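Dear colleague,

I am passing on the structure that we talked about, and below it I have set out what was found when going through it. Please read the notes with the coordinates open beside them.

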Amino acid sequence: MTQPIKYADVADIYDNYVQTTLDIPFLLDQVKGVSSEVLELMCGTGRISLPLIEAGLRLTCVDKSPEMLAVLEQKLVQRGFSATLHTGDVCDLDLGKQFDRILLPFQSFAEIISPIAQQRTLACIHKHLSSNGQFICSLHNPKIRLKTVDGRLKLKARPPLPNGAGSLMLWAMETYDPENKVVHGLQFIETYNQYGILQSKRFIDIQFSVLEKETFESMLSDAGFKVLALYGDYFYGDFQSMTSPFMIWILGKKP
């Protein structure tokens, strides 16, 4: 089972506090010139999907949360866009076709906690990748990400709500389980009206696996992938184990 985070509880406000665009130019560059359909896994509410469609890509979007996909579907209708949306778990996906580009962005693979489910997911992705296709997957660099995991409650974001309706405050607290290599946490999401009066408070459990470079590389090899490139940021910087914030994997199929 993947995606243990209950996105149904926050689907309606998710876009208010997840607004980064850091990875979008990189991903647009990675799909440049692809005329066939692109597969985006764990797509959520379409933070990346919409820019890809705007760029002229034909897209199949997969997510386990029907609530998140419902938000994406509403956005597509509002913009007059179209995409194929599929509700499903990436660890047992069977779309019956292959793709020249498969994207698993935003470090989402780490939300798959079980090593067995992780390996099943990679096997499914391998099955859906064409012989000369590329699979792009991003992960946090554990050496950098774990520096922020200290058990303290922190204010992560305070964005305004749309149409001057007020503001949102996102708090998070995370702890690390080194035995199982999993980060456990809580997110507290508060919304306030334009007068600063609390309107709602939500709590959501989060957890994600911590995957070292060597571990993930071994899993990829076992699943039949070869590493074409590994970047440490979204500006094509070489991966440096002690300083790079991300591991951005460009992968192909072994012969």
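The protein chain holds 7 helices and 11 strands, and its radius of gyration is 18 Å, close to the 18 Å that the globule rule gives for 255 residues, so the chain is as compact as a globular protein of that length. Please keep in mind throughout that this is a predicted model. Taken along the principal axes, the C-alpha atoms of the protein chain fill a box of roughly 60 × 45 × 35 Å. Of the 255 residues, 51% count as buried, and the accessible surface comes to about 12200 Å², of which 52% belongs to carbon and sulfur atoms. Among the contacts with a separation of 6 or more, 65% are accounted for by residues 24 or more positions apart.

As for annotation, the unreviewed UniProt entry assigns "domain: Methyltransferase" to residues 38-133. Over residues 38-133 the chain is 35% helix and 25% strand, and the end C-alpha atoms of this stretch are 10 Å apart.

Two helices deserve a closer description, beginning with H4.

Helix H4 comprises the 14 residues 66-79, which at 1.5 Å a residue should span 20 Å, and its end C-alpha atoms are indeed 20 Å apart, in agreement with that expectation. Which residues of H4 are buried? They are Met-68, Leu-69, Val-71, Leu-72, Lys-75 and Leu-76, so that a lysine is listed here together with Met, Leu and Val residues. Seen down the axis of H4, these buried residues fall within an arc of 155°, and they therefore line one face of the helix. An α-helix has 3.6 residues a turn, so residues three or four places apart point the same way. What covers the buried residues of H4 includes helix H1 (14-17) and helix H3 (49-54), together with strand E2 (59-63) and strand E3 (84-87). On the other side of H4, Val-77 and Gln-78 are exposed, and just after the helix Gly-80 takes a positive phi of about 70°.

Helix H7, residues 213-222, can be described along the same lines, with Phe-216, Met-219 and Leu-220 as its buried residues. These cover an arc of only 100° around the axis, which puts them on the same side of H7. Their cover includes H5, strand E5 (129-140), strand E10 (225-231) and strand E11 (246-253). The face of H7 turned away from its buried side carries Glu-214 and Asp-222, both of them exposed, while Gly-224, just after H7, takes a positive phi of about 100°.

The remaining notes concern individual positions.

Leu-104 is placed in strand E4, and at 0% relative accessibility it counts as buried. Not counting residues up to four places away in sequence, Leu-104 touches Leu-41, Met-42, Phe-109, Ile-125, Phe-135, Ile-136, Cys-137 and Ser-138. Leu-104 and Leu-228 are 124 residues apart in sequence, and their C-alpha atoms are 16 Å apart in space.

Ser-108 lies in the loop between strand E4 (99-104) and helix H5 (115-128). Is Ser-108 buried or exposed? Its relative accessibility is 6%, under the 20% limit, and Ser-108 therefore counts as buried. With residues up to four places away again left out, Ser-108 touches Met-42 and Ser-138, and both of these residues are also among those that Leu-104 touches.

Ser-167 belongs to strand E7, residues 167-177, and at 18% relative accessibility it counts as buried. Leaving aside neighbours within four places in sequence, Ser-167 is in contact with Pro-159, Pro-160 and Leu-161, as well as with Glu-190, Thr-191 and Tyr-192.

Arg-58, finally, is found in the loop between H3 and E2, and with a relative accessibility of 47% it counts as partly exposed. Beyond its neighbours within four places in sequence, Arg-58 is in contact with Ser-35, Ser-36, Glu-37 and Val-38. The C-alpha atoms of Arg-58 and Leu-155, 97 residues apart along the chain, are separated by 38 Å.

With best regards

Notes
Residues are numbered from 1 along each chain as its sequence is written. This is a predicted model: local features need pLDDT of at least 70, side-chain atom pairs count only at pLDDT 80 or more; totals for chains, interfaces and linings use all residues. Side-chain values use heavy atoms; hydrogens and water are left out. Helices (H or I, at least four residues) and strands (E, at least two) are DSSP runs, numbered from the N terminus. The expected span of a helix is 1.5 Å times one less than its number of residues. Buried means under 20% relative accessible area, exposed over 50%, partly exposed in between (1.4 Å probe, protein chains only). The arc is that of the directions from the helix axis to the C-beta atoms. Contact means heavy atoms within 4.5 Å. The radius of gyration is taken over C-alpha atoms; the globule rule is 2.2 Å times the number of residues to the power 0.38. Accessible areas come from the Shrake-Rupley method with a 1.4 Å probe; for residues, only the protein chains shown count as cover. UniProt positions are given in the numbering used here, feature names are shortened, and annotations may be inferred rather than shown by experiment.
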